[in-house]
Amino acid sequence: MTDHALNPAADDRLDIHDAERRIKAIFIGSIGNLVEWYDFYAYTAFALYFAPAFFPNSDPVVQQLNAAVLFAATFLMRPLGGWLFGYIADRYGRRLSLTLSVVCMCFGSLIIAVTPTYASIGIAAPAILALARVIEGLSLGGEYGASATYLSEVADAKHRGFYSSFQYVTLIGGQLTAIIVLLLLQKVFLTQQELQAWGWRIPFVIGAVLAIFAAVMRRNLHETEAFVEAKKIAKPTGSIAGLLRYPRELLLVVGLTAGGTAAFYTFTTYMQTFVKLSVGLTADETTFVIFGSLVFATLLQPIYGALSDRIGRKPLLIFFGVVGTLATIPILSALKETKSPFVAFLLICAAWIFVAGYTSINAIVKAELFPTNIRALGVGLPYAITVSIFGGTAPAVALYFKSLGHEDWFYYYLSGMIFLSLLIYATMRDTKHESAMHRHE
């Protein structure tokens with residue numbers, strides 16, 4: 001007679017304890033992700049209020065530096081962060097990488113919160129702000145690979161899709177939190193003049209405090225069993241040379257990310273500009289439409305993640321690719337023509353129904369492509385490069401076409417990007433059924 005037959009209650013207690021341990025680790029790993037993305041989006045949400053304090057129009061050198069700040073943080077530092085924190089995660093452990101990543105974000109937020117204005121210290125003010133954005137860009141670039149790897153390794157094999165989907169729950173949650181703080185300060189606590197004078201510093205203080213809290217929580221995370229096992233088999237490297245041994249997987253990450261990241265940034269970052277400038281909604285209507293659609297998007301992530309555990313990852317990716325290719329142009333065209341905030345909300349939610357097919361599972365798909373000893377770097381670096389090229393540039397491409405008087409060209413650009421990724425989805429293996437999660441080479 002087996003031990004389980006003799007004492008089934010003890011076995012059940014072990015299962016419950018194991019589930020609780022995993023859920024706690026998922027929560028702590030995810031909450032740090034939320035804090036990082038809150039800090040990142042707070043910059044965008046409050047830029048209107050603090051920009052004059054750092055970038056007065058009277059100084060052309062400072063105006064040029066403003067452009068350089070945005071470029072350096074968004075495009076240059078994310079791939080560097082993907083490499084640095086991926087290397088740390090693969091060589092020294094997921095926990096250390098996650099903790100250092102959120103500490104970096106804390107420093108970035110704290111610097112912005114306390115930096116004197118241009119009127120006080122001149123050009124040193126925007127230079128210090130540039131440094132803060134560089135630190136934040138580095139942190140954000142590293143967070144994705146380390147977080148995706150940790151969440152995938154700490155989840156049990158049957159529920160990896162569900163647990164990993166919380167990466168995007170918290171990623172979108174960071175943007176929602178930034179919007180909530182903005183609304184509270186705008187509508188409840190401060191006047192416009194107070195926000196302009198000093199109130200814009202508050203969200204960055206909040207971000208720094210939350211980051212400290214997240215760092216302390218992450219310090220107490222247990223290391224993943226996969227990393228511990230991999231260290232016993234071979235010395236961890238996390239090197240670029242080691243990563244180049246997997247050229248097919250690297251190209252897969254680029255291909256499956258390109259269309260998805262362009263769609264994600266379109267329906268998050270750019271959508272606020274689009275519904276305000278092109279649809280013509282008021283500032284308040286825009287905020288509430290975007291907020292509502294992001295709540296809807298957040299709810300979809302775990303549903304789709306759980307679905308991928310049942311039917312596989314590939315069907316959801318193909319669903320995103322097919323419907324995204326066919327529906328993007330009609331949705332954006334209809335959105336531009338409407339004047340109703342409610343119709344705009346429904347149309348953006350309709351877009352999220354297919355975009356969530358990518359966002360909910362893209363992290364776990366990438367993690368399942370690579371063996372343990374190179375997983376964080378394999379997930380983080382090519383993803384960061386692809387996001388910098390196709391994701392972060394999506395709003396700029398859209399605004400460029402708008403400036404030419406052909407805004408609809410962007411609809412075709414986005415649809416084409418999704419179609420290119422669809423070709424990858426259709427030909428790649430389903431990582432749920434052919435996963436590298438058990439490989440520690």
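The following exchange discusses a predicted model of one protein chain.

Colleague: What is the mean pLDDT of the protein chain?
Modeller: The model is predicted, and pLDDT expresses the predictor's confidence in each residue. In the protein chain, 90% of residues reach 70 or more. The mean pLDDT is 84.

Colleague: Over which residues does pLDDT stay under 50?
Modeller: Where pLDDT is low, the predicted coordinates should not be read in detail. For the segment concerned, the model has two contacts beyond four places in sequence. The segment with pLDDT under 50 is residues 1–5.

Colleague: How many helices and how many strands are there in the protein chain?
Modeller: Among the helical elements are helix α2, spanning residues 8–54, and helix α3, spanning residues 60–92. Helix α20 covers residues 408–427. The protein chain has zero strands, and its helices number 20.

Colleague: What percentage of the residues in the protein chain is buried?
Modeller: The accessible surface of the protein chain is about 17,800 Å², and carbon and sulfur atoms account for 70% of that surface. A residue counts as buried under 20% relative accessible area. Of the 441 residues in the protein chain, the buried share is 57%.

Colleague: Of the contacts with a separation of 6 or more, what percentage joins residues 24 or more positions apart?
Modeller: One pairing across the sequence is that of asparagine 33 and glycine 174, which lie 141 residues apart. Another is glycine 207 with alanine 42, at 165 residues apart along the chain. Among contacts with a separation of 6 or more in the protein chain, the share for residues 24 or more positions apart is 87%.

Colleague: Which residues have the most contacts inside the largest nonpolar core?
Modeller: In soluble globular proteins, nonpolar side chains tend to be buried together. Here the largest nonpolar core has 104 residues, and helix α13 (residues 247–277) contributes its largest share, 13 residues. A second, separate core of 14 residues includes Ala25, Leu151, Val154 and Ala155. In the largest core, the residues with the most contacts are Met271, Leu335 and Trp352.

Colleague: Which residues does leucine 335 contact, leaving aside neighbours within four places in sequence?
Modeller: Leucine 335 is itself among the residues with the most contacts inside the largest nonpolar core, as is Met271. Beyond four places in sequence, the contacts of leucine 335 are Met271, Phe274, Val279, Ala344, Leu347 and Ile348.

Colleague: Why is the pair of phenylalanine 320 and tyrosine 425 tilted, rather than stacked or edge-to-face?
Modeller: The model has 25 aromatic pairs. In this one the ring centres are 6.2 Å apart; phenylalanine 320 belongs to helix α15 and tyrosine 425 to helix α20, with their positions 105 residues apart. Both residues are buried. Planes under 30 degrees apart would be stacked and over 60 edge-to-face, so the pair is tilted because its planes stand at 55°.

Colleague: How far from cysteine 104 is the nearest cysteine sulfur?
Modeller: The structure holds zero disulfides, a disulfide requiring two cysteine sulfur atoms within 2.5 Å. Cysteine 106 is buried, at 10% relative accessibility. Its sulfur is the nearest cysteine sulfur to cysteine 104, at 9.7 Å.

Colleague: Is asparagine 33 buried or exposed?
Modeller: Asparagine 33 lies in helix α2 and touches Glu143, Ser147, Gln167, Thr170, Leu171 and Arg218, residues up to four places away being left out. Its C-alpha atom is 7.9 Å from that of glycine 174. With a relative accessible area of 1%, asparagine 33 is buried.

Colleague: What distance separates the C-alpha atoms of glycine 207 and alanine 42?
Modeller: Glycine 207 is placed in helix α10 (residues 202–219) and is buried, at 0% relative accessibility. Outside four places in sequence, glycine 207 is in contact with Val35, Tyr38, Asp39 and Ser109. The C-alpha separation between glycine 207 and alanine 42 is 8.3 Å.

Colleague: Which residues does threonine 298 contact, leaving aside neighbours within four places in sequence?
Modeller: Threonine 298 is part of helix α14 (residues 283–311). Its relative accessible area is 15%, and threonine 298 is buried. Beyond four places in sequence, the contacts of threonine 298 are Val169, Ile172 and Leu176.

How values were computed: Residues are numbered from 1 along each chain as its sequence is written. This is a predicted model: local features need pLDDT of at least 70, side-chain atom pairs count only at pLDDT 80 or more; totals for chains, interfaces and linings use all residues. Side-chain values use heavy atoms; hydrogens and water are left out. Rings of Phe, Tyr and Trp (its six-membered ring) pair if their centres lie within 6.5 Å; planes under 30 degrees apart count as stacked, over 60 as edge-to-face and the rest as tilted. Helices (H or I, at least four residues) and strands (E, at least two) are DSSP runs, numbered from the N terminus. Buried means under 20% relative accessible area, exposed over 50%, partly exposed in between (1.4 Å probe, protein chains only). A nonpolar core is a set of buried Ala, Val, Leu, Ile, Met, Phe, Trp, Tyr and Cys residues joined through side-chain atoms within 4.5 Å. Contact means heavy atoms within 4.5 Å. pLDDT is the predictor's confidence in each residue, from 0 to 100. Accessible areas come from the Shrake-Rupley method with a 1.4 Å probe; for residues, only the protein chains shown count as cover.
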